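Visitor: Could you take me on a close look at one part of this structure, the place where the two chains meet?

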Amino acid sequence: DTSLAEVNSFSPSMPISPSSMINQYKFEDEPELRDLFITVDDPESHITAIETFITYRVVTKTSRGEFDSSEYEVRRRYQDFLWLKTKLEEAHPTLIIPPLPEKFIMKGMVERFSDEFIETRRKALHKFLNRIADHPTLTFNEDFKIFLTAQAWELSSHKKQGPGLLSRMGQTVRAVASSVRGGVKNRPEMFTEMNDYMETFSQKINVLDKIAHRIYKEEREYFSEMKEYGPIHTLWSASEEDIADSLKGVASCIDKCCKATEKRMAGLSESLLPILHEYVLYSEILMGVLKRRDQIQSELDSKVDALANKKTEKDLFSEEIGKLEDKVECANNALKADWDRWKQNMQCDMRSTFTNVAENNLCYYEE
Amino acid sequence: MEDCLAKKMEITVSEAEKRTGRNAMNIQETYTAYLIETRAVESQSEGQCAPVDSLWRRYSEFELLRNYLSVTYPHIVVPPLPEKRADFVWHKLSADNMDPDFVERRRIGLENFLLRVASHPVLCQDKMFYSFLTQESGWKEMVNETGFQLKADSRLKALNATFRVKNPDKRFTELKHYSDELQSVISHLLRVRARVADRLYGVYKVHGNYGRVFSEWSAIEKEMGDGLQSAGHHMDVYAASIDDILEEEEHYADQLKEYLFYAEALRAVCRKHELMQYDLEMAAQDLTSKKQQCEELATGTVRTFSLKGMTSKLFGQETPEQREAKIKALEEQIQEGEEQLKSKNLEGRDFVKSAWADIERFKEQKNHDLKEALISYAVMQISMCKKGIQVWTNAKECFSKM
């Protein structure tokens with residue numbers, strides 16, 4: 001593949017080899033080297049004549065030179081986050097952009113503006129921005145900087161400059177369409193593997209998500225029955241003399257179990273469920289990324305095919321595309337490595353929550 | 001418990017068998033028969049076991065025995081039988097009387113019943129009970145021949161007495177309240193326990209799904225594969241463990257159920273007392289009114305309204321001879337009545353004394369049994385948690401190796 005060989009001598013400002021990219025990515029391991037700290041908090045609701053919406057406070061602290069100041073505080077609403085994500089996708093079609101919390105919850109479990117919903121969303125938005133900040137390439141994106149620093153009116157005027165809504169939707173749609181038309185011819189094996197992997201993974205993570213929700217639901221029903229169970233023993237103890245104390249003891253233990261179950265449920269809903277959900281979204285994102293990559297590749301292929309003989313600027317163009325492919329490759333690998341590590345930690349957290357509960361269960365009364 | 005049967009004889013209900021036969025209406029039916037084995041306990045046999053006697057009985061015969069005992073010893077809190085039909089089931093348990101698990105639990109309940117009767121100081125000496133254990137044929141007829149059914153108090157009479165009795169022994173009234181409370185609280189508890197068991201079952205079983213997904217997922221992972229696979233295995237173990245746990249809990253539920261049914265036996269004793277007391281009160285009332293009548297006739301004053309008084313006013317006075325005759329008759333009745341009252345009083349007091357003695361014995365037994373049941377329940381829960389800890393610790397290890 002000639003295009004790959006020529007990439008290496010090309011642009012000095014871009015990272016040259018895949019391994020150097022991965023090295024740069026290991027940024028995350030050393031938090032002291034971080035120079036951008038972002039928090040999302042303080043949700044506030046705003047009521048206008050047309051609509052009601054929530055804004056969140058975004059506080060940024062940084063030591064980077066390209067920022068004019070070292071501290072910023074702005075308010076952003078969900079729409080703004082959505083805008084940012086779209087801009088990032090446009091600028092870096094083959095990088096993995098972190099997931100945003102969904103617009104609505106279909107399950108109808110939570111009302112749009114309930115405290116629970118707002119808090120869940122806030123946490124997810126916080127993670128979103130921090131993941132971007134930790135990403136070696138995305139962190140330097142111009143739109144990202146504007147998002148973090150611009151005042152409300154500045155942001156809206158900047159937004160209007162971008163390409164329209166339809167063209168924004170275009171990229172992924174075209175990608176999907178082209179993959180439907182018939183696969184890519186020269187897809188490197190690595191990406192085929194990734195595709196297969198992602199398909200299976202996506203399936204499995206969706207099932208896991210359902211299972212976890214089901215477990216949560218069962219636990220909630222168990223909890224509600226248990227709540228009734230303890231007081232019966234207390235009621236009984238009122239008619240007894242000799243065994244009253246034993247009965248009261250059992251009642252108090254059952255209540256402790258109830259509390260332990262509550263903790264377990266909270267653990268589930270705070271750590272496991274959101275993370276599974278994130279990875280469900282991630283799997284969708286990744287499928288999208290792979291499709292976009294395929295699409296770029298097919299553009300490249302068609303150009304290479306069509307202009308096999310003529311060596312004009314088309315060479316540069318196809319080299320650029322080849323470069324992009326490399327970038328994809330690196331980004332994908334880096335993120336995959338990080339991803340697996342992430343999941344290890346996630347699982348560990350989840351399990352220690354469970355083990356804690358099991359241990360909590362160990363406080364029954366024995367006379 | 002010095003001389004009770006249980007010490008002299010080993011009693012077990014060792015087997016249960018499905019049988020088909022023709023019932024009283026000549027219709028074919030399926031029922032379960034239980035094998036009762038008895039063996040005399042010799043105090044000095046070393047290595048020499050006495051031979052085992054055995055016979056088969058079905059549930060209805062147990063019922064007959066218990067009815068007989070309840071009627072013949074109304075002052076005793078007669079041990080209850082295990083339930084006729086499966087109650088308080090949760091979704092995995094079957095409500096079918098033929099279900100092998102139900103039959104097994106009933107077998108244990110019937111054995112328990114026999115042991116309780118055999119260890120009761122009064123009941124164990126009953127001849128019908130002894131022949132129930134030892135004489136296979138003709139037992140039913142023998143029991144019916146005792147005519148115990150005639151001695152049984154009618155439900156209606158008992159109900160009437162309960163409403164109208166004026167001065168029952170306070171202890172019995174309290175006992176009645178207690179048994180009502182006990183019955184309601186235990187049945188509530190059993191209902192909720194069944195629901196809790198159901199839910200717990202659900203939680204455990206859904207974790208089993210993890211096992212399958214983990215295993216499928218591990219197929220596409222390189223570094224995580226082993227960890228996932230073994231964690232999945234632990235999830236399967238976890239999901240499967242609930243079956244044994246809940247089966248053990250059924251035993252606990254059965255122990256509570258026994259006392260649920262005991263509450264009914266307690267009430268029966270209270271009812272008997274109320275009946276006797278009411279009888280006594282009626283007899284005393286009758287006696288008083290007769291005495292009054294006598295006095296009125298003798299002194300010629302009418303203090304209370306009486307039909308006789310009115311009719312005599314309307315239709316003319318009676319002759320002194322007639323009056324004399326009436327007074328004489330009344331005096332005879334009064335004397336009879338006083339003797340009857342005395343014996344009823346005695347009966348009543350005896351009943352109260354012996355009933356209360358048995359009730360005290362029962363209370364001790366109940367406290368002891370329930371305490372043990374609660375302890376064993378706690379032990380069960382602890383063991384369940386220990387298993388949980390083990391599974392999750394293993395799972396945690398697998399996960400951390402991913």
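Guide: Here is a walk through that meeting place, with a short side trip at the end. First, some ground rules: this is a predicted model, so to speak, where local features need pLDDT of at least 70 and side-chain atom pairs count only at pLDDT 80 or more, while totals for chains, interfaces and linings use all residues. Residues are numbered from 1 along each chain as its sequence is written, chains are lettered from A and ligands numbered from 1 in the order in which they are written, and side-chain values use heavy atoms, with hydrogens and water left out.

Now to the interface. On one side, 48 residues of chain A are in contact with 50 residues of chain B (contact means heavy atoms within 4.5 Å). People often give the size of an interface as the accessible area lost when the parts come together. Here chain A and chain B bury about 5100 Å² between them, and 71% of that is on carbon and sulfur atoms (buried area is the accessible area, with a 1.4 Å probe, that two parts lose on being put together, summed over both).

What about charges? There are 6 salt bridges between chain A and chain B (each one a side-chain nitrogen of Lys or Arg within 4 Å of a carboxyl oxygen of Asp or Glu). To see a salt bridge up close, find the side chains of A:Glu228 and B:Arg195, with 3.2 Å from N to O.

Which pieces of chain A do the touching? Those giving two or more residues are α8 (189-239), α9 (244-306) and α10 (314-360), and α8(A) has the largest share, with 23 residues (helices are DSSP runs of H or I, at least four residues, numbered from the N terminus). Sorted by class, chain A's side of this interface has 23 nonpolar, 9 polar and 16 charged residues (Ala, Val, Leu, Ile, Met, Phe, Trp, Tyr, Cys and Pro count as nonpolar, Asp, Glu, Lys and Arg as charged, and the others, Gly among them, as polar).

Now the side trip, inside chain A. This chain is divided into domain 1 (35-157) and domain 2 (183-366), with bounds from an automatic or database domain assignment. Between them, 17 residues of domain 1 are in contact with 20 residues of domain 2, and the two domains bury about 1700 Å², 63% of it on carbon and sulfur atoms. The domains also share 2 salt bridges. Look for A:Arg131 and A:Glu278, which form a salt bridge with their closest N and O atoms 2.7 Å apart.
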